[in-house]
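Here is a friendly tour of the model, with its cut-offs given along the way. Have your viewer ready.

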Amino acid sequence: MAYLWIAIGSALGGVARFWCSGVVARLVGETFPWGTLTVNVVGSFVIGFFAILTGPDGRLLVGTPVRQFVMIGICGGYTTFSSFSIQTLELMRDGEWLQAGGNAIGSVVLCLVAVWAGAALAAMFNAMRWV
């Protein structure tokens with residue numbers, strides 16, 4: 001049953017990724033993979049937030065199947081490391097070394113900051129006494 005829920009979550013995450021990266025591409029263009037970068041940063045924030053909020057010390061206690069559905073399924077289907085990799089390789093092949101480096105460094109740094117921010121925000125929610 002876990003595989004089914006992870007598969008459903010992956011499908012939902014994949015559709016959300018396609019939509020979000022398309023919206024970003026239409027808004028800012030496709031000369032740089034802003035859509036993929038945005039998806040990866042948002043996905044990093046969400047997984048950091050959800051992991052802490054629903055962890056053993058979290059405010060929202062959920063079972064393992066729910067955590068797997070969200071973190072493995074939805075977040076795994078939503079984030080786009082393979083897209084990031086091929087887009088960075090294409091930038092390198094096109095001689096766009098500055099953009100390739102910016103995408104690689106920006107993705108790593110921004111995603112780490114986003115996962116930290118999501119975890120920190122969830123820790124704040126966990127510490128609230130009035131909710």
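## A nonpolar surface patch

I105, V108, V109, L112, V113, V115 and W116 make a nonpolar surface patch of about 690 Å² (nonpolar side chains of Val, Leu, Ile, Met, Phe, Trp or Tyr joined within 5 Å, from residues with over 30% relative accessible area and no salt bridge, that is, no Lys or Arg side-chain nitrogen within 4 Å of an Asp or Glu carboxyl oxygen; areas by Shrake-Rupley with a 1.4 Å probe). One of these residues, L112, sits in helix α5 (residues 97-127) (a DSSP run of H or I, at least four residues). L112 counts as exposed because its relative accessibility is 55% (exposed is over 50%, buried under 20%).

This is a predicted model, where local features need pLDDT of at least 70 and side-chain atom pairs pLDDT 80 or more, while totals for chains, interfaces and linings use all residues. Numbering starts from 1 along each chain, and side-chain values use heavy atoms, without hydrogens or water.

## Helix α4 and its two faces

Which residues of α4 are buried? They are F84, T88 and L91. They cover an arc of only 60° around the axis, so they lie on the same side of α4 (directions from the axis to the C-beta atoms). Their cover includes α2 (34-53) and α5. The face turned away from that buried side carries the exposed S82 and R93.

After α4 comes G95, with a positive phi near 80°.

## The whole protein

The protein has five helices and zero strands. Of its 131 residues, 34% count as buried. It exposes about 8100 Å², with 74% supplied by carbon and sulfur atoms.

Conventions
Patch = residues over 30% accessible without salt bridge, like charges linked within 9 Å, V, L, I, M, F, W, Y side chains within 5 Å. Helix = DSSP H or I, 4+ residues; strand = E, 2+ residues; numbered from the N terminus. Buried < 20%, exposed > 50% of the residue type's maximum accessible area, 1.4 Å probe, protein only. Contact = heavy atoms within 4.5 Å.
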